[in-house]
Amino acid sequence: MENVFDLFKERGLFAQATDEAAIRELLGKERVTFYIGFDPTADSLHVGHFMQLIIMRYMQQAGHRPIALLGGGTTMVGDPTGKTDMRKMLTLEQIQSNANEFKKQMSKFIDFSNDRAIMANNADWLLNLNYVDFLREIGVHFSVNKMLTADCVKTRMEKGLTFLEFNYMLMQSYDFLHLAREYGCKMQFGGNDQWSNIIGGVELNRRCDNRDVYGMTFTLLTTREGKKMGKTEKGAVWLDPNKTSPYEFFQYWRNIDDCEVQNCLKLLTSVSVQDINDIDMTNAADVNKAKELLAYELTSLVHSKEDAEKAIATAKSLFGGGADAEHMPATTVDASLLVEGAAPVLDLLVAAGLAPSKGEARRLVQQGGISVDGEKVTDMKAVVGAEALQKGVVLRKGKKVYHKVSL
């Protein structure tokens, strides 16, 4: 059987490891318990969490045991990594509610039955710590000088890093120590931006318990320009169908840049690497098929095959000039938008999230990129009557983005 470490390398998932040779050997000879942390700062997972979910899935399929660690305790502090400002403070009730939603969504990727995976919450041990005892047992092992060289700290130094956030590395490192003691956890995985925090946990296990544990990071899901994937004009692409509909989710992946499709297929799907490499990127028809395959595979995984089939059918109907708008994203606007029995198209574009502002909506109309029920809009003062809105109208931005708007 293929070592899952080799699969990570082949598919371009692997970024760096604390001891590559030892990790590969360990993954090949025994069932390893590992963990990945998720801070429940929202009530749904989003595309930015995709890599961690895929890693857990691959590891479990290879016989290893995932611990999905919900950061009920660390979320009370906030990870400074990648942030220019301090995170909003959440209540315990908000964090617990978010954590419950996370578990539902994770269950589509990994099997929690029969101890095959564990869901843990670091609030269970972090919130009851005695501060002085914690400083004496854990804080003594951390050098402030060394912590200040970590990228996650350096990026915040200019604007100011609170002492509250400065504790995050100690808390995450303590998580690894606790999970090693409690569950025999031997590895921590995370995005490449978590490297400093992961090393902190590896070193803490060695210093406190003389225990060898390992850390490995994975490629972040980014565009070729280095921007994180999973953002649209309406905000994050969520895994919750009530926040991002299956059709919108499908269309997000269907519309990614041509240069990103092969990489996304390798990182996020189980399509063979050979088949992915064989895609003729000079042939537009082949590239479009690859994008549709990517969107279908991911929509099936996150939602269902039925949702993926519906999304394909809706997209083909729309692009073929049909009127089947049943499964496209939709927005119901308030009657207060009406002026003398009609709503301005610019206002409808903003209300539907197709433009972030009226200024941007105006620019889209000027560029000829907006249609209402198939008719191109050229007049900045164009309106849609209340009667038409009662039935629902389809707004189209460019060639690929459709949205139904009704009263």
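**Exercise 1. A charged pair in helix H4**

Work out how exposed Lys104 is, and which residue its side chain meets in this predicted model.

*Solution.*
Step 1. Lys104 has a relative accessibility of 55%, so it counts as exposed, because the cut-off for that label is over 50%.
Step 2. Look for a partner of opposite charge. Side chains of opposite charge can pair when their charged atoms come close. Here the side chain of Lys104 forms a salt bridge with that of Glu101, with an N to O distance of 3.3 Å.
Step 3. Place the pair on the backbone. Both residues belong to helix H4 (residues 92-106), and they are three residues apart, about one turn of the helix. An α-helix has 3.6 residues a turn, so residues three or four places apart point the same way.
Step 4. Check the partner's surroundings. Glu101 is at 25% relative accessibility and therefore counts as partly exposed.

**Exercise 2. Salt bridges elsewhere**

How many salt bridges does the count come to, and which residues are linked with Asp209 in a network?

*Solution.*
Step 1. The count comes to 16 salt bridges.
Step 2. Start from Asp209, which forms a salt bridge with Arg211; their closest N and O atoms are 3.0 Å apart.
Step 3. Widen the view: Glu137, Arg181, Asp209 and Arg211 are linked in a network of salt bridges.
Step 4. Add the accessibilities. Asp209 is partly exposed at 28%, and Arg211 is partly exposed at 24%.

**Exercise 3. The loop between H12 and H13**

Describe what the loop between helices H12 and H13 contacts, using Asp258 and Cys259.

*Solution.*
Step 1. Take Asp258. A salt bridge joins it to Lys291, with the closest N and O atoms 2.6 Å apart. Asp258 sits in the loop and Lys291 in helix H15 (residues 284-302), so the pair ties together parts that are 33 residues apart in sequence.
Step 2. Compare the two ends. Asp258 is partly exposed at 41% relative accessibility, whereas Lys291 is buried at 2%.
Step 3. Move on to Cys259, which lies in this loop, between H12 (246-254) and H13 (261-268). Cys259 is partly exposed, with a relative accessible area of 35%. Its C-alpha atom is 7.7 Å from that of Arg224, although the two residues are 35 positions apart along the chain.
Step 4. Look at the helix before the loop. Eight of the nine residues of H12 are buried, among them Tyr247, Phe249, Phe250 and Trp253.

**Exercise 4. Strand S3 and its sheet**

Is strand S3 enclosed or open to the surroundings, and which strands pair with it?

*Solution.*
Step 1. Count the buried residues. Six of the six residues of S3 (residues 65-70) are buried, so the strand is largely enclosed by the rest of the structure.
Step 2. Split them by face. In a regular strand the side chains alternate between the two faces of the sheet. In S3, Arg65, Ile67 and Leu69 are on one side and Pro66, Ala68 and Leu70 on the other, and all are buried.
Step 3. Find the neighbours. S3 runs parallel to strand S2 (residues 33-38), joined by six bridges, with Ile36 opposite Ala68. From S2 the chain passes through helix H3 (residues 50-61) to S3 in a right-handed β-α-β crossover. S3 also pairs in parallel with strand S4 (residues 118-121) over four bridges, and there Ala68 stands opposite Met119.
Step 4. Fit this into the sheet. Six strands form an open, mixed sheet in the order S1-S6-S5-S2-S3-S4. Strand S1 (14-17) and S4 each have a single partner strand, so one side of each is left without a neighbour in the sheet. Neighbouring strands are turned by 25 degrees against each other on average, direction ignored.

**Exercise 5. A five-strand sheet**

Find the order of the sheet that holds S9 and S12, and say where these two strands stand.

*Solution.*
Step 1. The order is S9-S15-S14-S11-S12, in an open sheet with mixed pairing.
Step 2. Strand S9 (330-332) and strand S12 (375-376) are at the edges; each has a single partner strand, so one side lacks a neighbour in the sheet.
Step 3. For S9 that partner is strand S15 (residues 401-406), running parallel and joined by three bridges. Thr331 has Val405 as its bridge partner in S15.

Conventions: Residues are numbered from 1 along each chain as its sequence is written. This is a predicted model: local features need pLDDT of at least 70, side-chain atom pairs count only at pLDDT 80 or more; totals for chains, interfaces and linings use all residues. Side-chain values use heavy atoms; hydrogens and water are left out. Buried means under 20% relative accessible area, exposed over 50%, partly exposed in between (1.4 Å probe, protein chains only). Two strands pair if DSSP finds at least two bridges between them. A crossover is right-handed if, with the strands pointing away from the viewer, the path from the first strand over the helix to the second runs clockwise. Axes are lines fitted to C-alpha atoms, for helices over the stretch in contact, and angles run from 0 to 180 degrees between N-to-C directions. A salt bridge is a side-chain nitrogen of Lys or Arg within 4 Å of a carboxyl oxygen of Asp or Glu.
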